[in-house]
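I opened this entry to keep a record of what I looked up, step by step, for someone who has not met the structure before.

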Amino acid sequence: MTPKKKISKLIKKPLTQKKGIMKDMEPKPQEKLVALPKGNLKEVRLVRGMKDIMPEDEKYWRHIYRTAESLADTAYFERIETPIMEYTPIFSRAVGENTDIVEKEMFSFTDRGGDDVTLRPEGTAGVVRAYVEHGMINRPQPVKLWYFGPFFRYDRPQSGRQRQFYQFGCEVIGDSHPVIDAQMIAMASEFFKRLGLPVTLQVNSIGDKESRVAYGRALMDFLKPHRHKIDKELLEHYKKTPLRLLDVKDEELQLILDNAPQIVDYLTPQANQHFVKVLEHLDELDVSYQLNSKIVRGLDYYSHTTFEVMPDGADKKLHALGGGGRYDKLVELFGGREDIGACGFALGIERIITLMKEMNLPVPERKPPEVFLAQLGDKARQKAIKILHELQRAGFHVAETFSKEALKSQMEIANRLHVTFTLIIGQKEMIDDTVLIRDMENGIQEVVDSRKIVAELRKRIGGTNGEHH
Ligand code: AMP
């Protein structure tokens, strides 16, 4: 057993002098109130690799979020949102020093107080940190958690790779049973079914440490006769973690590795038994999958089951939509109890949206507002504002352009928005304390007592209480 370490012990203080940093970061006096120079648009742009999520795409985000939420809710997962920033060692220790993420892709910096912090490149490390820090071990196990939020990797921006991207993730912590692995794979599969995206789940086992050591040796032996064809630095770099070679994006190396021995043949009896059980459960759950011995996931914390979600018809250019697996040693690494089994997955939202668009998959459209409020004159405007709040409180979706004076231009906007009803408050209606309700489909108008407007709309909009989204 490795000695338990407190999280605080993992965090080394950087050598940089605090004062020096603070001084550097203080705004210089002349900068304080100076606006950007006029006409200089260079600074008025996105940070490289970041993207705005524009209203045009909102329907996708809304639909995917709701699908994720309902999937997690119905499986009785609880939402957790950890901060987007953690002390750097949380990631460097969990993900592993010798990984692409830690070596090349972390958004790390020293904050004003001199602490080394990193914008989270993935979700599991933060969730496990929270599990340990909040003593979630004392809750009924396993703890089932889900999250949905932004992640950051300082990667070269290209198609399918942004520096800020979103993930939906689920984690089950506190259980080592193989049925959990199968359930997590089934859950990821179900998510794509609900979105209507055809995917294939590629599944593998990287076993326990003993299995990996045995396989690492076999892999290096296999590569020996091919050494002259492989980049020396690459071999040197992955000397201690040969499994990761299976993940390296190098076509020639991958061709050689196509004939390499497979890790499943090197699993210890216990690791093999675990994997067989996972596959049996998957069959019982009627989840289709492919075995792929190259799915090793480039992170240190995985053991046993690993899996990735590939879009169907995937040629080599298409990226994985998500991935996950078992990570039985992470809780212990963060100073928690030994051998707290855990398993999870994370799915990339932007890649999912790209694919949904390419495939023209239907997503629920945001419906037009039910009501438009038009008014004529200052007094009517004041009354309209009151009615607006009353309608909104009652749950109706209401549009208006109160700054416009002319009724004609207000009606034009109502038409353009395809609203169901327009309410008109003119001078006559002000005197009578009424509202004119116009059915926009057939143009029929009726006068309604303004105190009964909510009831009248409820009647006409079919008792939905305005909840139409
Ligand atoms: P990973 O843990 O690296 O396999 O990431 C899980 C999923 O997150 C991937 O399958 C992608 O869908 C998504 N993802 C990872 N990195 C990026 C990125 N730089 N830009 C967009 N999506 C990403």
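**Around the ligand**

I began with the shell around the ligand, which by class has four nonpolar, six polar and six charged residues. I noted early that this is a predicted model, and I read everything below with that in mind. In that shell, 16 residues surround the ligand, and I listed the closest as Arg 161, Phe 165, Ala 320, Gly 323 and Gly 348. I then asked which elements each supply at least two residues of the shell. I found three strands, β6 (164–173), β10 (322–326) and β11 (342–348), together with the helix α13 (349–358).

**From β6 to β5 and β1**

Since β6 lines the ligand shell, I followed its pairing next, and found that ten bridges join β6 to β5, the two strands running antiparallel. As one position to look at, I picked Gly 149, which stands opposite Gln 167 in β6. I also checked how far β5 (residues 143–152) is covered, and seven of its ten residues turned out to be buried. Strand β1 (residues 78–79) pairs with β5 as well, in the parallel sense and over two bridges, and there I recorded Leu 145 in β5 as the bridge partner of Glu 78.

**The three-stranded sheet**

I turned to an open sheet of three strands, whose order is β2-β4-β3 and whose pairing is antiparallel. Why do β2 and β3 each have one side left without a neighbour in the sheet? I worked out that β2 (85–87) and β3 (107–110) stand at the edges with a single partner strand each, so one side of each stays without a neighbour. From one strand to the next, I noted a twist that averages 30°. Between β3 and β4 (residues 116–119) I found four bridges, with the strands running antiparallel, and in β4 the bridge partner of Phe 107 is Leu 119.

**Helices α4 and α6**

Helix α4 (residues 88–95) packs on this sheet and touches β2, β3 and β4, while its direction makes about 80° with that of β2. I then looked at how α4 meets helix α6 (residues 124–133), and found that they pack at an angle of about 110°, with their axes 9 Å apart. Angles of 65 to 115 degrees count as roughly perpendicular, so I wrote α4 down as roughly perpendicular to α6. On the α4 side I listed Ile 90, Phe 91, Ala 94 and Val 95, which meet Ala 125, Gly 126 and Arg 129 in α6. By class, I recorded five nonpolar residues, one polar and one charged in this contact of α4 with α6.

Conventions:
Residues numbered from 1 in each chain as written. Predicted model: local features only at pLDDT ≥ 70, side-chain atom pairs only at ≥ 80, totals over all residues. Pairing = 2+ DSSP bridges. Axes fitted to C-alpha atoms, helices over the stretch in contact; angles between N-to-C directions. Contact = placed C-beta atoms within 7 Å. Near = placed C-beta within 6 Å. Nonpolar A, V, L, I, M, F, W, Y, C, P; charged D, E, K, R; others polar. Buried ≥ 20, exposed ≤ 12 C-beta atoms within 10 Å, placed from the backbone. Parallel < 35°, antiparallel > 145°, perpendicular 65-115°, else oblique.
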